[in-house]
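This briefing sets out contacts, pairs and burial for the structure shown below, arranged by topic for use at the bench.

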Amino acid sequence: MTINVAILTVSDTAAKDAAADLSGPQIREIITSKDGYQVQDGFCRIVPDEKEEIHSAVSSWVESENIDWVITAGGTGFGVRDVTPEALSPLIERPAPGIVHLLISSSLNKTPFAALSRPIAGTAKNTLITTLPGSLKAVTENLEALFDGDVIHHALDLIKGGTGREIHSQLSAGGTGSESSHSHGRHGHHGHHGSHGHRRGHSHSHEHGQHRKHSHHRDHSHHRRHHDHKHEEHRAPKPRSQAALSHDPSASVASRHRVSPFAQISLEDALQLVKTNVDTLPVVNLPVNAQLGGHILAEDIYAPCNVPSTFTTSVDGYALRSIDPPGVYTVLTSQTRKIDTPLPEGCIYRVNTGGPLPAGADTVIMVEDTKLVSVHQEDGPNTLLAEEEKQVETLAQIPEYENVRKPGSDVRAGELVMSKGEKITKAGGEIGTLAFVGRKQVAVYKKPKVAILSTGNEIVDIQAPENLSSTSSDSWGGIFDTNRPSLTAALENLGYEVLDLGIVPDDVQSHLTAIRKGLAEADLLLTTGGTSMGPTDLLKPLIERHLDGVIHFGRVSVKPGKPTTFARVPVKIEHDVEVPVTSPSGPQVQVQVEEKNNIIWKPVFALPGNPASALVTFYVFVIPALRRLGGWPTAQLELPKVNVELQNTMPLDPRTEYHRVILKTDLQSGAAILKAYSTGGQRSSRAASLCNANGLVILPPLAQRQEDDGRRHLETGDIAKALVIGEIEME
Ligand SMILES: Nc1nc2c(c(=O)[nH]1)N[C@H]1C(S)=C(S)[C@@H](COP(=O)(O)OP(=O)(O)OC[C@H]3O[C@@H](n4cnc5c(N)ncnc54)[C@H](O)[C@@H]3O)O[C@H]1N2
Ligand code: MOO
């Protein structure tokens with residue numbers, strides 16, 4: 001099905017100067033990047049905010065009968081000149097309030113000002129009309145909402161007289177859910193597999209706490225999932241058009257791009273792309289021990305029995321009855337009396353903290369509230385009792401259940417102790433809780449293994465400086481590899497296993513060998529260097545031209561880190577692996593077997609070579625991907641942000657800037673805010689800008705700030721947000 005789209009920009013300014021029209025070209029770019037959608041020459045127009053002109057442009061497209069979808073941008077607000085809805089309402093034969101609702105509600109997620117947009121939508125003859133706001137950001141978000149889950153595709157199919165069968169079959173196959181609504185169990189119907197791989201998985205349930213080895217791996221009678229080929233294509237990442245690919249490294253230097261073919265996208269968009277294009281790893285069963293720290297639970301944990309299981313004492317002393325008055329009592333112990341025979345009158349029973357109460361006792365007196373009266377003699381009839389307490393005087397009457405822990409008072413049998421999706425930290429609390437309720441092993445999401453590679457002819461291993469002379473052809477001594485040690489430290493500190501791929505020189509074959517090894521053995525590949533515009537900047541071309549990968553972004557408007565690149569590369573599965581699917585409540589986890597020779601799309605981050613850029617972009621972009629792989633809840637993918645008070649002036653840049661700081665508490669003044677001290681020079685080559693840094697102050701882009709108050713700096717005393725990347729210090 002080919003969809004012909006016409007785009008109308010409604011703007012007084014753009015009507016005078018077409019160069020001011022940013023939204024029209026943006027809509028065109030988005031539309032033409034979609035399979036089967038086209039905007040023919042002459043079907044992009046600009047008109048001023050004049051009712052007649054808007055009406056006449058759209059009505060001519062409706063009449064022409066070749067246009068399936070008219071998109072307008074602008075004129076939908078409350079401004080006095082905003083008349084797009086009024087101009088187009090008379091044309092609409094069948095209004096589509098659902099589409100209006102979708103547009104407004106998706107924008108309301110981003111800003112309350114979306115409430116001031118007045119879109120209309122509906123059909124006129126066989127043409128769908130939708131009216132978008134005028135801003136670049138809003139048109140992008142609105143189009144994303146329309147394409148999400150194939151909503152618009154389905155609508156256009158039906159308007160063109162289709163049966164909608166294609167979409168319905170995808171829906172019944174479990175697909176076509178909103179891309180943004182995925183959660184941990186996303187593998188069940190999303191993204192991992194390209195058009196190369198027909199997924200042949202099938203799902204079944206596992207009781208946790210039981211052996212998960214199963215003999216029915218290949219029993220296809222088990223809820224086999226059907227995925228038709230069309231559906232696979234729908235979910236596979238779309239390659240970019242040939243013309244937009246990165247430079248061909250085998251061609252001459254002179255033929256390289258002189259302008260990056262990658263759009264410089266916003267920080268927010270880049271983070272969104274990371275979050276929605278990384279899938280959670282399979283569930284594994286691991287023993288409950290210190291190594292469990294850093295994992296996310298993949299099952300709900302219920303207490304199998306009461307803790308404590310009986311009435312127990314919370315102090316060292318004597319169990320007795322609450323009716324026993326102060327006085328002298330005979331002391332019984334576990335050696336002289338069975339715990340389950342009722343305590344006789346005139347006796348008390350010695351207990352130690354955590355021990356059970358004997359039958360008949362309902363309270364405990366602390367040893368401090370008693371006096372020793374007599375002891376058993378050495379020559380007594382029972383030598384075992386020699387020197388034992390015989391009689392003790394209680395100095396008070398103790399109310400019922402004093403110093404007593406009732407059965408199930410720490411945790412009740414059947415109680416939900418921890419929930420699926422909760423983090424098991426290295427701080428010990430969760431591992432302790434699991435052990436406390438007797439769990440030997442638990443189902444958790446696999447923690448990703450990360451392969452790490454440094455690139456560049458000039459890069460030399462600090463531990464092997466003898467390589468220096470052979471790697472540099474002139475007198476210049478080279479650069480010590482800073483990124484592999486710094487990133488390895490950061491990764492290992494966070495509990496991730498690292499596969500060290502070393503350093504590769506700037507040639508295609510060395511790069512490919514190392515990258516292929518990394519992709520085969522690890523869950524995520526991290527490279528540094530070679531991401532920018534130089535002829536030996538190989539990462540983007542290799543991902544696109546040699547590894548059949550898809551680059552989700554290749555430039556981001558952040559400083560440092562502009563050329564940060566996020567891609568996914570298809571990797572053939574060598575062995576069967578289990579992946580989680582839906583997330584039913586209760587102690588069951590559904591898993592699905594991904595069969596050998598299927599394709600998994602693995603995330604690759606090609607970080608800039610400058611040492612500060614590499615480490616900053618690791619904290620900003622790579623951590624959310626690692627967390628997604630490891631099954632972290634969506635709200636916790638990014639590192640936490642806190643409000644801080646700046647202790648230095650910080651200049652603003654056109655890009656969002658991460659200013660490296662030391663965050664300190666301020667106990668003396670009593671202020672409830674952390675202080676942020678700059679680490680000094682912020683050049684992206686200066687690794688020491690991260691020395692001692694435990695925070696990254698997020699400086700807003702210059703333009704945004706200037707719009708607010710015209711300032712080009714944040715000043716000492718200003719409050720800003722900072723990402724916390726390390727432990728907070730005391731002042
Ligand atoms: N014409 C343009 N040039 C550059 C642009 C641009 O937009 N247009 N962007 C600049 C920015 S911003 C950055 S950041 C860097 C990123 O460069 P690459 O990722 O291509 O990295 P390299 O060129 O390989 O190296 C840059 C720099 O970092 C040193 N380096 C590399 N790896 C390591 C390592 N493992 N340890 C220590 N130092 C390393 C390398 O020697 C270079 O000095 O591009 C700008 N250029
Ligand atoms: O973006 Mo680059 O990382 O500034 O130097």
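## Briefing on contacts and burial

Asp-68 has a relative accessibility of 7% and therefore counts as buried, the cut-off being under 20%. The model is predicted, and every value that follows is computed from it. The points below begin with the salt bridge that Asp-68 forms with Lys-160, and go on to other charged pairs, aromatic rings and the two ligands.

**The Lys-160 and Asp-68 pair, and helix H7**

- Lys-160 and Asp-68 are joined by a salt bridge in which the closest N and O atoms are 3.2 Å apart, and this pair links distant parts of the chain, 92 residues apart.
- Lys-160 belongs to the loop between helix H7 (151-159) and helix H8 (165-172), while Asp-68 belongs to the loop between helix H3 (51-64) and strand S4 (69-73).
- Lys-160 has a relative accessible area of 41% and is therefore partly exposed, whereas Asp-68, at 7%, is buried.
- Helix H7 is largely enclosed by the rest of the structure, because seven of its nine residues are buried; these buried residues are Ile-152, His-153, His-154, Ala-155, Leu-156, Asp-157 and Ile-159.
- Just after H7, the backbone at Gly-161 adopts a positive phi of about 95°.

**Other salt bridges**

- The structure holds 27 salt bridges, and the general principle is that side chains of opposite charge can pair when their charged atoms come close.
- Arg-439 and Glu-299 form one of these salt bridges, with an N to O distance of 2.9 Å.
- Arg-439 lies in the loop between helix H11 (429-436) and strand S23 (441-445), and Glu-299 in the loop between strand S11 (295-296) and strand S12 (301-302), so that their pairing ties together parts that are 140 residues apart in sequence.
- Arg-439 and Glu-299 are both buried, whereas Lys-440, with a relative accessible area of 73%, is exposed.
- Lys-440 is also placed in the loop between H11 and S23, and the C-alpha atoms of Lys-440 and Leu-286 are 8.6 Å apart in space, although the two residues are 154 apart in sequence.
- A network of salt bridges links Asp-461, Asp-481, Arg-484 and Asp-500.

**Aromatic rings**

- There are nine aromatic pairs in the structure, and in one of them the rings of Phe-553 and Phe-566 have centres 5.7 Å apart and planes at 45°, so the pair counts as tilted.
- Phe-553 lies in strand S29 (residues 550-553) and Phe-566 in strand S32 (residues 565-572), so the pair ties together parts that are 13 residues apart in sequence.
- Phe-553 and Phe-566 are both buried, and ring pairs link these two with Phe-605 and Phe-621 into a cluster.
- Charged ends also sit over rings: that of Lys-34 is 4.6 Å from the centre of the Phe-147 ring, and that of Arg-627 is 3.9 Å from the centre of the Trp-632 ring.

**Surroundings of ligand 1**

- Ligand 1 is surrounded by 22 residues, the closest being Glu-458, Asp-481, Thr-482, Thr-531 and Ser-532; Asp-481 also takes part in the salt-bridge network with Asp-461, Arg-484 and Asp-500.
- A nitrogen atom of ligand 1 lies 2.9 Å from a backbone N or O atom of Thr-482.
- For Ser-532, a backbone N or O atom lies 2.9 Å from an oxygen atom of ligand 1, and for Gly-609 a polar backbone atom is 3.0 Å from an oxygen atom of ligand 1.

**Surroundings of ligand 2**

- Around ligand 2 are Pro-560, Gly-561, Lys-562, Pro-563, Asn-610, Ser-613, Arg-655 and Ser-684, a shell that by class has two nonpolar, four polar and two charged residues.
- Two serine side chains reach oxygen atoms of ligand 2, with a polar atom of Ser-684 at 2.4 Å and an N or O atom of Ser-613 at 2.6 Å.
- Arg-655 places a polar side-chain atom 2.9 Å from an oxygen atom of ligand 2, and Arg-655 also forms a salt bridge with Asp-653, where the closest N and O atoms are 3.9 Å apart.
- Asp-653 has a relative accessibility of 12% and therefore counts as buried.

Conventions:
Residues numbered from 1 in each chain as written. Chains lettered and ligands numbered in written order. Predicted model: local features only at pLDDT ≥ 70, side-chain atom pairs only at ≥ 80, totals over all residues. Heavy atoms only, no water. Near = heavy atom within 4 Å. Polar contact = N/O pair within 3.5 Å; in protein donor to acceptor, adjacent residues only side chain to side chain. Nonpolar A, V, L, I, M, F, W, Y, C, P; charged D, E, K, R; others polar. Phe/Tyr/Trp six-rings, centres within 6.5 Å; stacked < 30°, edge-to-face > 60°. Helix = DSSP H or I, 4+ residues; strand = E, 2+ residues; numbered from the N terminus. Buried < 20%, exposed > 50% of the residue type's maximum accessible area, 1.4 Å probe, protein only. Lys NZ or Arg CZ within 6 Å of the ring centre and 35° of its normal. Salt bridge = Lys/Arg side-chain N within 4 Å of Asp/Glu carboxyl O.
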